[in-house]
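Good morning, and thank you for coming. I should like to take you through one structure, beginning with a single helix and working outward.

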Amino acid sequence: MPSFPRILLGLFCLLVAILLLAPTLVVIPMSFNENKSLAFPPVGFSWQWYENFFSNPDWTTSFVNSLIVATIVAVLATVLGTLAAFGVTRAAARTGGLLRALLITPMVVPGVVLAIGIYAVYLDAHLVGTVTGFVLAHTMLAIPFVLIAVQASLEVFDRRLETAAASLGAGRLTVFRTVTLPLILPGLLSGALFAFITSFDEVIVALFITSPYLKTLPVQIYASITRDADPTVAAVGTLLFLATSLIIIAGLLIGMRRGRT
Amino acid sequence: MHDPKAATGAAIDISKACKRYGRFTALKDIDLHIRPGEFMTLLGPSGSGKTTTLNLIAGFTDITSGTLEIGGKSVTGLPSHKRNIGVVFQHYALFPHMTVGKNVAYPLTLRGLKGEERDRRVRRALDMVKMADFAHRYPSELSGGQQQRVALARALVFDPPLLLMDEPLGALDKKLREWLQLEIKRIHRELGTTFVYVTHDQEEALVLSDRIAVFNGGRIEQIGTGRELYDRPATLFVGRFIGESTVLRGKTQVCGDQTVMTLGEETITANARLAGGAQPVMLVRPERAVLKRPGAEVLAGENRLTGNVVEAIYLGSGSKYEVRLADGTTAIVRSPLGAADFAIGDAAEVAFASQDIILLPDDASADVTLT
């Protein structure tokens, strides 16, 4: 029989969990609404909003656009952010600290301020509504996440292993490929995942640099919800929720298996 | 790896080598010549330059001036991965993401070996360090001693003519250290590779080495066999660093071939004199001294100093005494099994023969560096 404080603690945890999860979970029943409204609780049951998502080109193209942009951003930001992390970690302490502060600014500066600046430059450079424009802006926003994740792995990485590898006959590139990279890979992968998500759900800058010819998913969601309160938004939300849950569960399972060996 | 041709050791010739880091001079004019197949230990306190010398040979850092030749060829400017030298580190430095087998195969893979030949050599190297059953384990599943044996196998598997070891047993407990010392000695005998070993532990240096180079303050004080360093130290620093000793300081006078030192009301006579005008100190090794009861008969050529026993330690193989002499100096005496027993507080006389006194020029820095 658990003691009273333990029951109280359990109840409190439950409350926090509900508070954290409820806004997400509410979306799921709404996506099966029979009426064309975002009302809660929903009425009836239907798959029509899922059908709409997969058949309406507005939704499918914006979804594909987001996937393309986020994938390129993830690759670019991971490469650049990793290089930056090496520089920051291995430069003299003071230079490194200064560089790091500078590289992290996109995370600290309010999104709207950045968006206005980017928009002004893009108008002149004809980058509004282009994949290049989206990729450049989102890469800049994503680099700090990669930098932080990779730097954390580099700080626990034992550089003496590089010295040892060199003594065994490995040149610098071989050392990186066979020793350094495999050991910082977890940090690098989580950085890449953060970069992907940063781009995939970025809405503020995207609203400024979008055009009728190139919309990303968050822009489409925002447009749809301001124009006609369409429950397709709820269907998209549910799909994304499922996708992220699967990724996180997979990540946890891999982590648990690694922890065992 | 047991092919005698491939396993011939390389000579190392270091001449007038200096190493400066900014304004700090880590090495001053080092001359060190290591013979092929020799086991050379670089011994000294921390910061004496022994590890810097090892790093120069390994190519982890470059000399500021002077020359460094390995196997008769200058290696200045040659990066470490092209020097073909095995290195064993104090902290093992095994790759945690590879199994023991993969770790040992790593230098072979880099040299283009694969398949059956590579497996065979990995197995041999692991056999040599008695770790063959652990090929599929990860380093994190091994004890410190096991990891260091794997590191040794990895550093030797590609038949380097030279193996460098930087305090490889420093992180291990005493029993394991003693056992691994003998293993390292055996492997050195089997391979004929030149071994250069860095340690601050003088006992370890005596157990392992053909010759020892004693470092102090960025210089080499003396190079010689353990016996030479112990019996005929060239400087007070070497005398105090290798083994224990009683150091006597007093007014000295040269009489013919002898040197007489006055300590309070007592005098001692050494059968030697120092060349030049340096102020001499006298060194007596603990096992050269005998502890006697006051009033015992004085033998010919024997010196006596009176004092009180302040520490008596039973060692099993004998006893060790510390005696506070009249002038405040602490004398150390090692008595063999069966010698008379003394207790703390006993009055005693420390006796030693004139020819057993080591006469050295005084050097105040030798005292400071040791603490």
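**A covered helix and its surroundings**

Among the elements that cover the buried residues of H2 in chain B are helix H3 (115-128) and H4 of chain B. Please keep in mind throughout that this is a predicted model. Helix H2 of chain B spans residues 100-110, and eight of its eleven residues are buried, so that the helix is mostly covered. The buried residues are B:Val100, B:Gly101, B:Asn103, B:Val104, B:Ala105, B:Tyr106, B:Pro107 and B:Leu108. Just after H2(B) comes B:Gly112, with a positive phi of about 80 degrees.

The loop between strand E6 (86-88) and H2 of chain B holds B:Tyr92. B:Tyr92 is not a glycine, yet its phi is positive, at about 65 degrees. Most residues other than glycine have a negative phi. Is B:Tyr92 buried or exposed? B:Tyr92 counts as buried, because 24 C-beta neighbours lie inside 10 Å, where 20 are enough.

A second residue invites comparison. B:Lys16, found in strand E1 (residues 12-21) of chain B, has a phi near 50 degrees, again a positive value in a residue other than glycine. B:Lys16, however, counts as exposed, because it has 12 C-beta neighbours inside 10 Å, and 12 or fewer is the condition for that class.

I turn now to the nonpolar cores. Which residues touch the most other members of the largest nonpolar core? They are B:Ala153 and B:Leu164, in a core of 101 residues. Helix H4 (residues 144-156) of chain B gives this core its largest share, six residues. Both domain 1 (12-238) and domain 2 (244-370) of chain B contribute to this core, with at least three residues from each. As a general matter, nonpolar side chains in soluble globular proteins tend to be buried together.

Let us look at B:Ala153 itself. Apart from its neighbours within four places in sequence, B:Ala153 is in contact with B:Val104, B:Ala125, B:Leu126, B:Met128, B:Val129 and B:Met131. B:Val104 is also one of the buried residues of H2(B). There is also a second, separate core, which has 36 residues, including A:Ala84, A:Tyr122, A:Phe134 and A:Phe194.

Next, the two domains of chain B. The domain assignment gives domain 1 (12-238) and domain 2 (244-370). Their centres, taken over C-alpha atoms, are 38 Å apart. Where they meet, seven residues of domain 1 of chain B are in contact with seven residues of domain 2 of chain B. On the domain 1 side, the residues that touch domain 2 are four nonpolar and three polar, with no charged residues.

Within domain 2 of chain B (244-370), I would draw your attention to strand E17 (residues 302-314) of chain B, which runs antiparallel to strand E20 (residues 347-353) of chain B and is joined to it by seven bridges. In that pairing, B:Leu305 stands opposite B:Val350. E17(B) also pairs with strand E18 (residues 318-325) of chain B, in the antiparallel sense and over seven bridges. Here B:Tyr314 stands opposite B:Ser319. E17(B) and E18(B) form a hairpin with three residues between them, and B:Gly316 in the turn has a positive phi of about 90 degrees.

Chain A has another make-up. Its secondary structure comes to eleven helices and zero strands. Its C-alpha atoms fill a box of roughly 70 × 70 × 30 Å, taken along the principal axes. Of its 261 residues, 33% count as buried. Among the contacts in chain A with a separation of 6 or more, 74% are between residues 24 or more positions apart.

A:Gln220, in helix H10 (residues 217-228) of chain A, offers an example. A:Gln220 is 161 residues from A:Trp59 in sequence, and their C-alpha atoms are 7.0 Å apart in space. Leaving aside neighbours within four places in sequence, A:Gln220 is in contact with A:Asp58, A:Trp59, A:Ser62 and A:Lys215. Why does A:Gln220 count as buried? The reason is that 24 other C-beta atoms lie within 10 Å, and 20 or more suffice.

Finally, the contact between the chains. It takes 17 residues from chain B and 15 residues from chain A. On the chain B side, the largest share, three residues, comes from H2(B), the helix with which I began. The residues on that side divide into eleven nonpolar, four polar and two charged. Thank you for your attention.

Key:
Residues numbered from 1 in each chain as written. Chains lettered and ligands numbered in written order. Core = buried A, V, L, I, M, F, W, Y, C linked by C-beta atoms within 7 Å. Helix = DSSP H or I, 4+ residues; strand = E, 2+ residues; numbered from the N terminus. Domains from an automatic or database assignment. Contact = placed C-beta atoms within 7 Å. Nonpolar A, V, L, I, M, F, W, Y, C, P; charged D, E, K, R; others polar. Pairing = 2+ DSSP bridges.
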